[in-house]
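Here is a short tour of some helices and the way they pack. Have the sequence and the 3D view open as you read.

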Amino acid sequence: VGRVYNNIGCVNCELNQLKEACGAFEASLEVQRHALSASVDVDNGPLQLGMSTTLSNLGYLYKSQGRHVKSVAALKEALELQESVLGKHHPTVLSTLNSLAEASARINESQDAIRHYNSCLIRYNAWAKSGQMSSEQRRASAIVLFKISRVHLKQKDFDASHRKLKEAKFYAKGLGDDLGEKIEAEIQKVERSRRGGHRDWV
């Protein structure tokens with residue numbers, strides 16, 4: 001039943017029926033919480049994954065509605081469930097962690113946002129140490145570093161922002177798209193701000 005409600009919520013989202021979608025996801029979550037608490041099965045990973053999917057959907061929906069505090073709460077719970085079943089390096093886990101960082105930044109929980117982003121980087125870099133970092137993972141690292149730089153800019157910490165952008169530029173080198181150019185343009189803005197107190201980074 002919980003999966004049915006979740007699927008209905010997904011259809012509502014596609015139809016832009018956000019109020020109905022929210023109701024369906026919340027109904028799904030209630031059913032799943034009850035099922036999980038009543039489960040006597042030691043291997044309840046499928047139940048946890050189903051619940052984490054609903055929580056993630058709710059988190060993304062709350063985020064789209066500007067309800068960032070609720071988004072953070074839902075994504076935190078989803079992340080805990082996903083990590084317990086999938087491990088810390090699964091792509092789904094990394095996607096949720098990145099979304100949690102973004103939602104935290106939206107409600108000015110800057111330190112939490114930076115902590116979550118850094119956690120993403122540590123997990124990406126685990127691949128780099130074994131020589132397995134792909135161009136996609138390098139791009140993901142560059143984007144996360146760029147996002148961290150924006151959090152520092154919001155705090156008016158130009159030096160920290162500049163350092164993160166330099167790191168982002170390193171990862172973006174040779175990717176063959178416009179990401180490197182975007183990062184370089186941002187570096188120039190931050191350098192102007194450091195020199196003259198400009199506010200063109202806002």
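What follows looks at helix H4 and then at two helix pairs.

This is a predicted model, in which local features need pLDDT of at least 70, side-chain atom pairs count only at pLDDT 80 or more, and totals for chains, interfaces and linings use all residues. Residues are numbered from 1 along each chain as its sequence is written, and side-chain values use heavy atoms, leaving out hydrogens and water.

Let's start with H4, residues 68–86: its 19 residues should span 27 Å at 1.5 Å a residue, and its end C-alpha atoms are 25 Å apart, which agrees. (The expected span is 1.5 Å times one less than the number of residues; helices are DSSP runs of H or I, at least four residues, numbered from the N terminus.) Buried residues of H4 (under 20% relative accessible area, 1.4 Å probe, protein chains only) include His68, Ala74, Leu75 and Leu81. The buried residues of H4 pack against H3 (45–64) and H5 (91–106). Glycine 87 follows H4 and has a positive phi, near 90°.

Now for the two pairs, with axes fitted to C-alpha atoms over the stretch in contact and angles running from 0 to 180 degrees between N-to-C directions; contact means heavy atoms within 4.5 Å.

| Pair | Angle | Axes |
|---|---|---|
| H3 and H4 | roughly 155° | within 8 Å |
| H8 and H9 | about 160° | 9 Å apart |

H8 is therefore roughly antiparallel to H9, a label for angles over 145 degrees. H3 and H4 are likewise roughly antiparallel to each other.

Notes:
Helix = DSSP H or I, 4+ residues; strand = E, 2+ residues; numbered from the N terminus. Buried < 20%, exposed > 50% of the residue type's maximum accessible area, 1.4 Å probe, protein only. Parallel < 35°, antiparallel > 145°, perpendicular 65-115°, else oblique.
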